[in-house]
Amino acid sequence: MTQLILRRLATSVLILLAVSLLVFIATLLLPGDPAQAILGQQATPERLAALREQMHLNDPVWQRYLSWLGGLAVGNFGMSAASGGAVTALLGERIGASLVLLLAAAVISIPLGLLLGSYSALRKGRAGDHITTGASLVLAALPEFVIGISLITVFSTTIFPILPSVTMAPPGEAVWNYPSQLVLPTFTLVLMVTPYIARMMRATMLEVLDSGYVEMARLKGVPEGQVILRHALPHALSPVAQVIAIQLAWMAGGVVVVEFLFRYPGIGQALVDAVANRDVQVVQTLSILIAAVYIVVNLLADVVGILTNPKLRTGGAR
Amino acid sequence: MGLSGGGAADSLDAHSPVSTTDIARVLNLYEGLLYRDENYKLQPLLATRATPSPDAKVWTVDLRTDVKFHDGRRMTGRDVAATFKRITDPKSPKTGASSLAILDKVVVLDDFKVEFRLNTPTATFDDSLGQYSLGIVPEDYDPARPIGTGPFKYSSFSPGRSSLFVRNHKYWRNNEPYLDELEILNFNDNDALINALLSTQVDAIGQIPLALLEVIDADPRISILNSETGMWMPFSMRVDRPPFNDNRVRQAFRLVVDREQMIEQVLSGNGRVGNDLYSPFDPGFASHLPQRVQNIQKAKELLAQAGYPNGLSVELVTAPIQAGAVEAAQVFAEQAAAAGIKVKLRKVDTTTFFGDGYLTWDFAQSFWYSRNFLPQVNNSSLTTSPFNETHWNHPEFARLVAKANVTVDAKERNKLISQAQEIEYNEGGYIIWGHPNQADAYQQYVAGLVPSRTGLALSGFEFRRVWLGETK
Amino acid sequence: MSVIDAPRLVEPEAKVRKGTFHRFIRQRQAKIGIALTAAVVLLALLGPLLLPWATGYTSTEFAGRPFKPEGLLGTDNLGRDVLTRFLDGGLRLLLFAGLATLLGMVIGGLCGMVAAYRGGWVDSAIMRTNDILLALPQLVFALLAITVLGPQPWVLVAVIGITHAPRIARVTRAATLAVVTEDFIRASEMYAVPKWKIVVQDVLPNITGPLMVELGLRMTYSIGALASLSFLGLGMQPPTADWGLMINENRIALAVQPWGVILPVLAIAVLTVGTNLITDSLARASASLNVGESK
């Protein structure tokens, strides 16, 4: 089993390297010269040459890739073409802000999803189940911005204008000092993620409720509440854990649209701005960062899966 | 005060303001010798007067004697000389350097009198001195310790986010400034900017989207500052490349524009119609030329004469270089269709627009702030100009401009300017459809802001005049 | 691993498909989904034909000042008629989403089948490439491509199709694996039937169930992804009339003139919900055929 996890870990590292290569090559294809882009109107031949030297643009490609990679490892992400400053400085606080948002969404949506899923399973076929299943089916279909704009329309412009629709901490202050501004973006993410967790929870819960040991417990006369809490729930959790992990990984990408919509000062908005400005260095860095989160969370999901799934413990399939 | 724009590259350097917030900060920390007031008139600031020699090669500037830097030292001619030396340092030229290429050196005559010696006679050198990027700083200036003579003193600064300034108690104007503290916040988004005002997180905001002006004005707590300006957002046609190397095509393009509609759709009615001429506030402005209006028939005829009887197809390069730019391109495309001109929009990002391709686009857009004619020409309409977007190269025009540059007599000079403008009116490569207004918004309790023609937000950022009425 | 309890006989496809279809259409959910989808598709198809007959405007014409209540549903950021723009804005979204999905299905389906059928190093190579592509979230991948290539329509279609491919390949491979071990495939192989023929005649018909589900799912995601990119201002470019772009352009006036935002939001919502209901019904219909929920 340890061997299996180690192999999985190695694969993840290899994939991350391959992704970094992909991202690096993609940006090589860009027309124009990053030094020119940074200097813009103030470019003089001498300053260009100096900056090219400073950015190691004259080195062979493989060397540039390696030094870029080395920079990534130690947190030196190069220079932003749009601002002329270090990418690290640009992103530092934004990473924190995004993590706050993701964390808040996760803390709410995981229990909520588990609860709704179990509720739905226990009421299988009844009105409560239909409503939950139907709602989750509808929500799962909607793109992030559709949910977000609907929330804004309802809660901040027309019907109940009670919540701010943009995040706007005065510069220099942290976003979490203004919790009311966090509500709508968090809620949007929660609505995006919960349906998947609830659906998976419902499915596994149904399977578990049908299984022999639950039947047995019931026959032994254990009260229904205890049957569910003690016997059914723990068994249903492990497959759901993987879905949760996948959803968390998904949020790392989905947060882009949500942040843009709510003007949330996180990495997602930075990414959109950087793409709009063709700020290659920032796009590179953020793609890699998001990919890394994605890979790590998926890795964790697999590890959880390996640890909890007795069939996989033997290292048989996939 | 909330302002949009600005980023991590923001600085406090007196001589390198780039973003809007940079300009706002620089104007409150530092002061130049002269400045443009809200009517776009040149007024003395740290100087009391600037007089040219008869041949316009030497300008003598008298300084105020009562001005102190933030650290209490008196400002003298030596500081002025050092300031200009810093700006024109060939190793690291600052923003204002390009318009000071004519400056040979600054000679200190005494503590409060300096002489600007020029290598080329320039009758409007005082105009150059009125730029906001020429704040006077002490001899030992260091941007890390931003000391000037402005109404506010530096307290703290975080690039791309905010800066806090406090009242300069030793300010030379009596009683001013009225505010004890000035905080300038960066916003990178209009929604956030407006929301900050509506939720009274800030007292005033600069540059609101014109389309939302009426809505914001409807809020009883908010006042609007709607200022006419000399800013212009032209389309630029390269006069040396087909199809625009044929003046008939250029004139046809100018005739297809419905200027009133342009202002309605792009600026929601908040602007003044343009007459394909820049510098509307210049005393020499050619106001006698008839207002050009849409004439599709005439445009079609001109195109037919130029060899395009069935219309033609052009690519217009557009980018969000300024609010309304991409919108203007769309409106133009729609209007031009009536004359058989098929305009294909090519939208690029701002970085690309001002990147390698800038100054090579055949047909594109641009944006300029209010400037008088001669400085504007120096920037954009001579073969030696750094930003000759239309590749304008007209010997007669250049001759008139050169002559105006050395003509000290204002009346004579204005006549020359008017003549030069007529040439552009008849043959130029810019389509100048209008001059957008500058709209700002502020809380009712903020007093002292007046409309400003400079194109800079919030009374040209002259926060020294502002005070707060009773709150709530 | 749940081995799919596939049909045993050589010739059961027709019957199976008919059965699946019946199970599919019998569901109320499927009917609702088809109705919703059809409504939006019809609107998008017929919309351009309705103008300017229905609204009096073409979609680039100016109807008044920006964000004013003129006309039926007011004007947009440039003073164009919102209803006109809306009627004209759906077709491209549908078309591009369809193309992207198709591209993804072709690439992903082929790769998946080839990987499963050939096995060995081909399988490994394809699946490892998949893993790499899957490590970047779809939207981030799209943004990266747009940074490099610019937001041209073909880039949008290609990048969304390509990001779908590995996900489709995974499903196709699993489905194909279950089929290729069946006796009738072995039989065909023994008769030296060309491999491409086996794939087309024997494999493909037997994996239509999962492929159809995948098609519906990817269509839903394609619509969402395209609309999202346009919403971010990085998809369709002005002056194109497009639902996603409309939302981007008119968002600033949501409080004043909400129709320019709400109409396209509603249309996209109804459409994606519709396709998702169809997909879910399809999945149920073919899942009751295959044992267990395949994942």
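In the predicted model, Leu103(B) is placed opposite Leu118(B) of β7(B), a pairing that belongs to the antiparallel association of β6(B) with strand β7 (residues 113–118) of chain B, which extends over six bridges. These strands are part of an open sheet of four strands, arranged in the order β4-β5-β7-β6 (chain B) and paired in the antiparallel sense. Because β4 (47–52) and β6 (103–110) of chain B stand at the edges and have a single partner strand each, one side of each is left without a neighbour in the sheet. On average, and with direction ignored, neighbouring strands of this sheet are turned by 20° against each other. Helix α2 (residues 77–87) of chain B lies across β5 (58–63), β6 and β7 of chain B, and its course makes an angle of about 170° with β6(B).

The domain assignment divides chain B into domain 1 (32–143), domain 2 (152–227 + 440–468) and domain 3 (235–435). Between domain 1 of chain B and domain 2 of chain B, the C-alpha centres are 28 Å apart, and ten residues of domain 1 of chain B are in contact with eleven residues of domain 2 of chain B. On the side of domain 1 of chain B that touches domain 2 of chain B, the residues comprise two nonpolar, three polar and five charged.

A further open sheet in chain B consists of three strands in the order β17-β13-β18 (chain B), again with antiparallel pairing. Here β17 (363–365) and β18 (430–431) of chain B occupy the edges with a single partner strand each, so one side of each is left without a neighbour in the sheet. Strand β13 (residues 235–237) of chain B is joined to β17(B) by three bridges in the antiparallel sense, and Ser236(B) stands opposite Ala364(B) in β17(B).

Several backbone features lie in loops. The peptide bond from Glu176(B) to Pro177(B) is cis, with omega near -10°, and Pro177(B) is found in the loop between β9 (162–167) and β10 (181–187) of chain B. In chain C, the peptide bond from Pro238(C) to Pro239(C) is likewise cis, with omega near 5°, and Pro239(C) is situated in the loop between α10 and α11 (243–250) of chain C. Asp276(B), although not a glycine, has a positive phi of about 60°; this residue lies in the loop between β14 (271–273) and α8 (296–305) of chain B.

Within chain C, helix α4 (residues 91–118) and α10(C) pack at an angle of about 135°, with their axes 8 Å apart. The two helices, α4(C) and α10(C), are therefore oblique to each other, and α4(C) passes α10(C) in a right-handed crossing. Among the residues that meet in this packing are Phe96(C), Ala100(C) and Gly104(C) in α4(C), and Leu215(C), Arg218(C) and Met219(C) in α10(C). The residues of the contact of α4(C) with α10(C) divide into eleven nonpolar, four polar and one charged.

The contact between chain C and chain A takes 37 residues from chain C and 43 residues from chain A. On the side of chain C that touches chain A, α5 (120–134), α6 (138–149), α10 (208–231) and α12 (259–287) of chain C each supply at least two residues, and α12(C) gives the most, with ten residues. The residues on this side of chain C divide into 26 nonpolar, eight polar and three charged.

Key:
Residues numbered from 1 in each chain as written. Chains lettered and ligands numbered in written order. Predicted model: local features only at pLDDT ≥ 70, side-chain atom pairs only at ≥ 80, totals over all residues. Domains from an automatic or database assignment. Contact = placed C-beta atoms within 7 Å. Nonpolar A, V, L, I, M, F, W, Y, C, P; charged D, E, K, R; others polar. Pairing = 2+ DSSP bridges. Axes fitted to C-alpha atoms, helices over the stretch in contact; angles between N-to-C directions. Parallel < 35°, antiparallel > 145°, perpendicular 65-115°, else oblique. Left-handed = near helix turned anticlockwise from the far one by under 90°.
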